[in-house]
Structure formats: structure tokens, C-alpha cells
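This report describes selected contacts and surface features of one protein chain. The sequence and the model are shown first.

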Amino acid sequence: MDRIDPLGDLRRGEYCGKLRASDVGRELVLCGWVQRRRDHGGVIFVDLRDRTGIAQVVFKPDTAPAAHARAESLRSEFVLAVRGRVEARAPDAANPNLPTGEVELLADEVRILNTASTPPFPIEDDIEIDEEVRLRHRVHDLRRPCMQRSLELRHRLLQSVRRTCTELGLLEIETPNLTRATPEGARDLLVPSRLQPGSFYALPQSPQLIKQMLMAAGFDAYFQIVRCFRDEDGRSDRQLEFTQIDLELSFVGVDEILELLEEITVRGFRETLGVELERPFPRLSFAEAMARFGSDRPDTRIQLEIVDLSDVLAGSGFKVFSGAIASGGVVRALPVHDADSLTRGDLDRFESEAKNWGARGLAWVRVAADGSWQSPIAKFLSDAEREKIAERSSLRPGSLVFFGADREPVVCKVLGRLREALGARLERFDGRAWDPLFVVDFPLFKEDEQGQLSYMHMPFVAPLEEDIELISSEPLRVRATHYDLVLNGVELGSGSLRNHRSSVQLEILEALGYSEAKARDRFGFLLDALDAGAPPHGGFAFGFDRMSLLIAGGDSLREVIAFPKTQRMQDLIMDAPSRIDPEQLQELGLRVRLPRGEPK
RNA sequence: GGGGUGGUAGUUCAACUGGUUAGAGCACCGGCCUGUCACGCCGGAAGUUGCGGGUUCGAGUCCCGUCCGCCCCGCCA
């Protein structure tokens, strides 16, 4: 019905959100979307929106009757070019809530560049719309100011990182997306090969090995902003495809790399938020982080710390405690002072959470105003034990202390998460907005659930030089050169020095259960590259999406990814993944066999 | 794969223990209105209650199955 006008020779003279009192008198064209139309029968007001903000356009029947007549047909989200003159608003007509509120554009001419279907929800911040609706109508969702802001911040962070790396002499080099499956931990996303039916490419989980080959090739400082893929179930902080700032340097030690990471991070915050992070970032050993905070990515702003009680409870008559220690575990406690606001119901909820995290139970002691202990387990503890617990936990009236007794990793996980939950519930923060730190000195290996030796991060991490001799004898004692960058309890990324001697690399692979033949079969290209004269090297990878999320603020990666996938890794915008034609399958030498039922 | 939670108009929600024609705000459509900015006033249209089956005289409501979103565990740095 509505006539659609050509843009013709109209060109935008200013962004809507940029109009200021200093623009009064300018004749210019604004382009944008109709946020809202207020039709007074005579005068018509239109809020015109672009990615910078909103400006008010006025259509008057007496000054521009044709434009006014056209304006009557305007609807939400119509796309306009409006030519007119910027005028100052009368003081009582100004809108102090808008940056552009002192002025308005008096329209001479309006061109409707496109009409628009009715938006499924208002294009505003602070609306509560079901996530599925937002994803299905992502175009509208992305028009909301907060999304525009988030993606712009992400852009500025990206540019900042790229600039910093470039200025520091790192070369940006691209690596293939169609690569070979390597056992880096996660499930690979596979791409079938047409020319070699039955064979598959794997999308990179990270460019780890290929960047090591760049080091061997003599590109002694590399970085890349690179898409990576891991075929695992989604979380609010995990997407199937995600972006890494990947970097690697030769002829350096850990300190030089950490300094570079600090520089990238500090400049990133400065150039996006204008925030100046305090340097140097504190360094925490893995052992200390786990002991005090129960996490390898602690938020040290939370003013709660774990204490160890293993030594005082090893001989306890309470078998839950002494038994855990006897079988090689630990007993630790998380004291919380001034905890009267926590009800018995809260404690029960925390216990059920703890069970969800792997605990068998969650013992607690509460100190009443008269100093007496209210606790389901107090009767099992001797006076001496109670005294020691009270001393080490600094208990006083109003204190509450939670106990964890199990294998050390379980206790750390449970008390660590409990610490975060309690910190949030009781608002025990020290007031700092930003808490960057490095966690260093990770172990090289760990034992998995079945007691099998496995790598902590990945099999290419170099051990500390003095621990190399322990690889075959006492692998669990081998310390790694691995480090993590942690910000506000979020792991922003991790890195390490890598094995540049094939002998050490082979020794580690053998400790992990690879025979030399198998190691050469899977990683021959890496071992050959090392043998070709690889220099000592190491690097890092930032989780760029998480970094963007911290800067933009929000709870989910979906807020900083233009077109994210759902938890089940579906793309609701394009409706992917989708079925494909039988011809395409045939060409790839594939036949689909669904787990149940007939292929649809 | 498992646990939790939700799915009713475009959207956000309501509908007590099963009971008349499934309601309301916003949005939408029409009319009126010359300084609004969450404009206002009058009127209107709008529903496969996610889907399938069952119980019942009767199902949005109860039962079974299934699909989807979100949070979490597993998995994954």
C-alpha cells in the first residue's frame, strides 16, 4: 500500500544520537528507524533511531504539508530519510532524558525507504522477552541499544587487542580451518571430504599445533583472532564456535608472556571502558588458589577463605572426617562470620547444591549468641577437636562453618562453589570492580576419575626444567609451565611454554599411554617440526567472547555474539543444522543412520 | 545422557480445588486530537493453551509420551 521512496540524492548529514544544541540551524538529513510516532492530529512527532541513539523529528502541517501527510502513514520500524532543519526546543519542551533532547529536526521532506512488519517486541533495553523469541527475531533483538553497545564494545576490544599485538611486534598469521582431528580433549566438529570419501576434516579446537609449527618456521611472534570449534553441550559461558585471541612467542620465558598478556588486558580495558587496571596483576600458585579459594580461577574479591583441618581431625572419632583422611582425602572448612541471616532452610538448600556438586553431604556448625554450638555433628567431636576448629576458623558468636570431607578435588570444588554462592548471597565483596590475577604453577598431570594418568590442560605443555626427570617416576609431582589469566572469577584464557624438544614431548606422550609408534602416528608432524629445529616457545589463548562479556556486562555469551546458538547448539536464526539432499550425501559417500526410527 | 524450570493472543502475564463464551497490560487496526516524548481519549480485531495420546459428562488445569527455550550436572578450559 505504502509507497516506498528511493533514497535518491539524500545523504545522511548526522547520526540521530549525535544531534546537539551546537547543530541548531543546520540543514541536514537524518536516516534511521521509527522508534515511535506520536500523532497529535496536527503536529506529529517521530522518534528516529539509529545505532547511536534517538532524535525527535517534528512534522508540522503548516510548514511542510506534504511531509506531514506522509508522516501519518509511518509505523514502528519504518526506515526513513528525513530532510529538515535542526531547531532548538523551547525550554519547557526539552527532554532531559535524551542526549539529543534540547533539539529536534523540523522536517521539510520525508522519504519512506522501507516499510516494516510489526516488531515482535519493543526495541528497547530492559525488556523481559523469552530467549527463544529473541533468537528467532534476532534482527529486532540486535536493534536494541544494549545489543548495539555490546557489539560495539566487542569491536573496540578486538581493535585494541589487534593494535597492541601489532605494536608489540606480533605478526597476524592465519591458519587453516579444515584441519586434522587431534585429541585435545573436546569432541571434534567434522567436515566430510568429497574427494576422499570416508575421510573427514576436523575444525580446529584451537590452532595449538599449527602455531607451534609457525614457531619452528621462525615466525617468532605470532597472533591470530581465530574461530575455534568444540562439539560439546552449551552453557551460558560456552558456545560451540567461539573466538580466541591466539598468540605464541619464541625465545621467551613465562615472565615475558605474562607481561604481554597484562599489557593486552590493561590496554583493552583502557580503550573500551576507560578503566585502568592495577599492575602488576597478582600471581597465585595453583596450590594456594585451591587451598584458600577452592578454585583455580578464584574471585579474590569475595572475602571468604577456606581453612584446612585435616591435621586436627585425622584421628577424630567422627568417621566421616577421619575416614576421608584415612583414604587419602582432606577435611576443610569454610567459615562465615555474622551469618545470622542464613536460615535453616538456606542451609538445607546449600546442602542440596553441594550434593549436586559431588559432595556426599554438607556438615555445618553454627555458633549461637551464647557461644554454644548448634550442629548436627557437634556431638561426634571431642572438646579438643572443637577447640581446634574454633581456633582455626576464628569462630565467634554468629559464625557459621561448613565442612567438606572427601578427596581433595571434591572438597575444593564443593567449598569453592559454596564460597561463591555465599559471597553472592551475603554480599561479601571487598568493593573492587575488577580483580585480575594470574594463576601459575599448575601440575602437568592429573588423575582422572578412574585413577588413570591424564594431562591437566593439554599434552604439549612443557614441564619445569627441574621436574623433567620426574615424568616417568612421579608424574603427579611434575610442575608445569602453565598459567591462567583470571578476571573476576572468570578464566579469560590459558597458556604455557611448550615442549620444543621432541624427546621430552615423547616422554610425556608415553606417560600418557601413547607408545612411540602411536605418538608418531598421531603427532608425527609435530615431532618432525620440533626436530627440524624448533626454538623454545610458549604462548596463550584468550577466550575473546568471555573477555567481551566481562567488558560489556551480562550473564551470557549470547549478549556479545551477534548470532549465537542455543544450548542444544542450534541456530534459530537460519535454522541450522538442517537435513541435506540425498544427492549431497551421496557425493560425500555418506549414509545417514539415525539412532532410532527412520530417517526423515 | 541426567536434574531443575518454563511453554496460554504479536508480547508479558492471569485463569482458586477439573466446570459457562480462556481474561488483562503493552503492541496492533480504525476514529478523534497542533508540543508530545511510556502523549491522551473512544472503538475494534486478535487464541490449534508447544505437539500427540489418555482419564473424565467435561481438561489450559490431572496422567503418559514427545518437542523446544533457559539454568545446572555429565561433557568441555
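## Aromatic cluster and ring pairs

Phe 318, Phe 321, Phe 380 and Phe 403 come together as one aromatic cluster. The model is predicted, and it holds 11 aromatic pairs. In one of them, Phe 318 and Phe 321 are arranged edge-to-face, with 4.8 Å from centre to centre and 70° between the planes. Both Phe 318 and Phe 321 are buried. Another pair is formed by Phe 460 and Phe 523; the ring centres are 5.5 Å apart and the planes stand at 80°, so this pair is edge-to-face. It connects distant parts of the chain: Phe 460 sits in the loop between β19 (453-455) and β20 (483-487), Phe 523 belongs to helix α14 (residues 516-531), and the two are 63 residues apart. Phe 460 and Phe 523 are buried too.

## Overall dimensions

Chain A contains 16 helices and 22 strands. Its C-alpha trace spans about 95 × 75 × 55 Å along the principal axes. Of the 600 residues in chain A, 48% are buried. Among contacts in chain A with a separation of 6 or more, 67% are between residues 24 or more positions apart. The chain exposes about 29600 Å², and carbon and sulfur atoms supply 48% of that area.

## Salt bridges

The structure holds 59 salt bridges. Three of them are listed below.

| Side chains | N to O distance |
|---|---|
| Arg 38 and Asp 47 | 2.9 Å |
| Asp 141 and Arg 144 | 2.6 Å |
| Asp 430 and Arg 432 | 2.8 Å |

For Asp 430 and Arg 432, both partners are partly exposed: Asp 430 has a relative accessible area of 31%, and Arg 432 has one of 36%. Salt bridges with shared partners also join Glu 131, Arg 134, Arg 138, Asp 141, Arg 144, Arg 558 and Glu 559 into one network. Within this network, Asp 141 counts as buried because its relative accessibility is 0%, and Arg 144 is buried with a relative accessible area of 5%. In the bridge between Arg 38 and Asp 47, Arg 38 is partly exposed at 28% relative accessibility, whereas Asp 47 is buried at 9%.

## Surroundings of Gln 35

Asp 47 also touches Gln 35, a residue of strand β1 (residues 27-39). Is Gln 35 buried or exposed? Its relative accessible area is 11%, so Gln 35 is buried. Leaving aside residues up to four places away in sequence, Gln 35 touches Asp 47, Arg 49, Ile 54, Ser 76, Ile 123 and Glu 124. With two of these residues there are polar interactions of the Gln 35 side chain: a polar contact with the side chain of Arg 49 at 2.6 Å, and an approach to the backbone oxygen of Ile 123 at 3.0 Å.

## Partly exposed loop positions

Thr 115 is found in the loop between β5 (103-114) and α2 (131-136). With a relative accessibility of 30%, Thr 115 is partly exposed. Thr 115 and Leu 74 are separated by 41 residues in sequence, while their C-alpha atoms are 8.2 Å apart in space.

Phe 563 occupies the loop between α15 (544-552) and α16 (582-588). Its relative accessibility is 45%, so Phe 563 counts as partly exposed. Together with Ile 573 and Met 574, Phe 563 makes a nonpolar surface patch of about 320 Å².

Conventions:
Residues are numbered from 1 along each chain as its sequence is written. Chains are lettered from A and ligands numbered from 1 in the order in which they are written. Side-chain values use heavy atoms; hydrogens and water are left out. Helices (H or I, at least four residues) and strands (E, at least two) are DSSP runs, numbered from the N terminus. Buried means under 20% relative accessible area, exposed over 50%, partly exposed in between (1.4 Å probe, protein chains only). A polar contact is a pair of N or O atoms within 3.5 Å; within protein, one must be able to donate a hydrogen and the other to accept it, and residues adjacent in sequence count only if both atoms are side-chain atoms. Contact means heavy atoms within 4.5 Å. Patches are made of residues with over 30% relative accessible area and no salt bridge: like charges are joined within 9 Å, nonpolar side chains (Val, Leu, Ile, Met, Phe, Trp, Tyr) within 5 Å. Accessible areas come from the Shrake-Rupley method with a 1.4 Å probe; for residues, only the protein chains shown count as cover. A salt bridge is a side-chain nitrogen of Lys or Arg within 4 Å of a carboxyl oxygen of Asp or Glu. Rings of Phe, Tyr and Trp (its six-membered ring) pair if their centres lie within 6.5 Å; planes under 30 degrees apart count as stacked, over 60 as edge-to-face and the rest as tilted.
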